[in-house]
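Good morning, and thank you for the time. I would like to take you through one structure, site by site, and I ask you to keep the view open as I speak.

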Amino acid sequence: MNREALIVVDIQNDFLPGGALAVNQGDEIVPFVNELMDSFDLVVATQDWHPANHGSFAANHHGKKPGEVIDLNGLPQIMWPVHCVQGSKGAEFASALNTSKFKKVFQKGTDATIDSYSGLFDNGKRKSTGLGEYLKAEGVEKVTVVGLAADYCVKFTALDAKEFGFEVVLPKAGTMAVNLQPDDFEKALKEMERAGVEVRGGKK
Ligand code: VGL
Ligand code: ZN
């Protein structure tokens, strides 16, 4: 069996314009992703799903502001605004996203003590979400990764999927970046390409 799967990363309200950790034009990928889902018989999603006391939130560290970097239990951690809190509106999938195609949703960032950008493992590779193992068990060999954000969760999901042994495709029209620095999107694309991820297409 040589199966392909689509991994839809974190297309949640908080990452859309108006959200707590808004990705510029993040909403513009949704029609592309909805259409792409039709050409896959296996679609899975990841959902950033933090407890309110999560260690990645600047608000949980006295005097820290979003964008600063701290040491969180031995790992460098960017301070983020409070986002994707479990059960909140911001943590819900974008209303325009066709979630009926999702065979399974893998939640991540649920442990307050460690962040999880990748949909497969936390940032310390301490725990698996089960996504890689699930896809392997389904006979998947090749994955396409889309979603938000290109410079964090999409990048680390693509890199971990590659390392897990999948062929990985990233269509540029299916992602947008946070761009804390203006060239973070380009840097992320180069880093993925260097790791053997097939970056496809122009910017629509
Ligand atoms: C993400 C920062 C913090 C993402 C999640 O989905 O790219 N970025 N949490
Ligand atoms: Zn997060």
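**The zinc site and its surroundings**

This is a predicted model. I begin with the zinc ion (ligand 2), whose protein donors are Asp 48 through OD, His 50 through NE2 and His 83 through NE2, at 2.0 to 2.2 Å from the metal. Along the sequence, these donor residues follow the spacing D-x1-H-x32-H. His 50 sits in the loop between β2 (43-48) and β3 (69-72), while His 83 sits in the loop between β4 (75-78) and β5 (102-108), so the two histidines tie together parts that are 33 residues apart in sequence.

What is the geometry of the site of the zinc ion (ligand 2), given its four donor atoms? The site is irregular, with angles of 88 to 170° among those atoms. For four donors to count as tetrahedral, all angles would have to lie between 85 and 135 degrees. The upper value of 170° therefore rules out that label.

Are the two histidines buried or exposed? His 50 is buried, with a relative accessible area of 0%. His 83 is buried as well, at 3% relative accessibility.

**Ligand 1**

Let me turn to the other ligand. Which residues surround ligand 1? They are Asp 10, Phe 15, Leu 21, Asp 48, Trp 80, His 83, Tyr 117, Leu 148, Ala 149, Tyr 152 and Cys 153. Asp 48 and His 83 are in that list, and both also serve as donors of the zinc ion (ligand 2).

Three polar contacts deserve mention. An N or O atom in the side chain of Asp 10 is 2.7 Å from an oxygen atom of ligand 1. A nitrogen atom of ligand 1 lies 3.1 Å from a polar side-chain atom of Asp 48. From Ala 149 the contact comes from the backbone, where an N or O atom lies 3.0 Å from an oxygen atom of ligand 1. On its own, ligand 1 has 260 Å² of accessible area, and the protein covers 100% of this.

Asp 10 merits a closer look. Its place in the chain is the loop between β1 (3-9) and α1 (30-37), and Asp 10 is buried, with a relative accessible area of 0%. Besides the contact with ligand 1, the side chain of Asp 10 reaches the backbone nitrogen of Asp 48 at 3.5 Å. Asp 10 thus has a contact with a residue that is itself a donor of the zinc ion (ligand 2).

Ala 149 is found in the loop between β6 (140-148) and α3 (153-164). The peptide bond that leads from Leu 148 to Ala 149 is cis, with omega near -5°. As background, most peptide bonds are trans.

**Cysteines and backbone angles**

How many disulfides does a search of the whole structure find? The search finds zero. Cys 84 is in no disulfide, and the nearest cysteine sulfur, that of Cys 153, is 8.7 Å away. A pair of cysteine sulfur atoms would have to be within 2.5 Å to count, so this pair does not qualify. Cys 84 is buried at 0% relative accessibility, and Cys 153 is buried at 7%.

Cys 84 has a further feature. This residue, in the loop between β4 and β5, has a positive phi, near 50°. Gln 25 likewise has a positive phi, of about 60°, although it is not a glycine. Gln 25 belongs to the loop between β1 and α1 and is partly exposed, with a relative accessible area of 40%.

**Two further loop residues**

Pro 81 is in the loop between β4 and β5 and is partly exposed, at 26% relative accessible area. Pro 81 and Leu 21 are 60 residues apart along the chain, yet 6.5 Å separates their C-alpha atoms.

Finally, Ser 116 lies in the loop between β5 and α2 (131-137), and is buried, with a relative accessible area of 3%. What does the side chain of Ser 116 reach? One partner is the backbone oxygen of Ser 118, at 3.2 Å. The backbone oxygen of Phe 121 also lies 3.2 Å from a polar atom of that side chain.

How values were computed. Residues are numbered from 1 along each chain as its sequence is written. Chains are lettered from A and ligands numbered from 1 in the order in which they are written. This is a predicted model: local features need pLDDT of at least 70, side-chain atom pairs count only at pLDDT 80 or more; totals for chains, interfaces and linings use all residues. Side-chain values use heavy atoms; hydrogens and water are left out. Donors are N, O and S atoms within 2.8 Å of the metal (3.2 Å for Na, K and Ca); water is not among the atoms, so sites may look incomplete. Four donors count as tetrahedral if all angles lie between 85 and 135 degrees; four count as square planar and six as octahedral if opposite donors are over 155 degrees apart and all others between 65 and 115; anything else is irregular. Helices (H or I, at least four residues) and strands (E, at least two) are DSSP runs, numbered from the N terminus. Buried means under 20% relative accessible area, exposed over 50%, partly exposed in between (1.4 Å probe, protein chains only). A residue is near a molecule or strand if one of its heavy atoms lies within 4 Å of it. A polar contact is a pair of N or O atoms within 3.5 Å; within protein, one must be able to donate a hydrogen and the other to accept it, and residues adjacent in sequence count only if both atoms are side-chain atoms. Accessible areas come from the Shrake-Rupley method with a 1.4 Å probe; for residues, only the protein chains shown count as cover.
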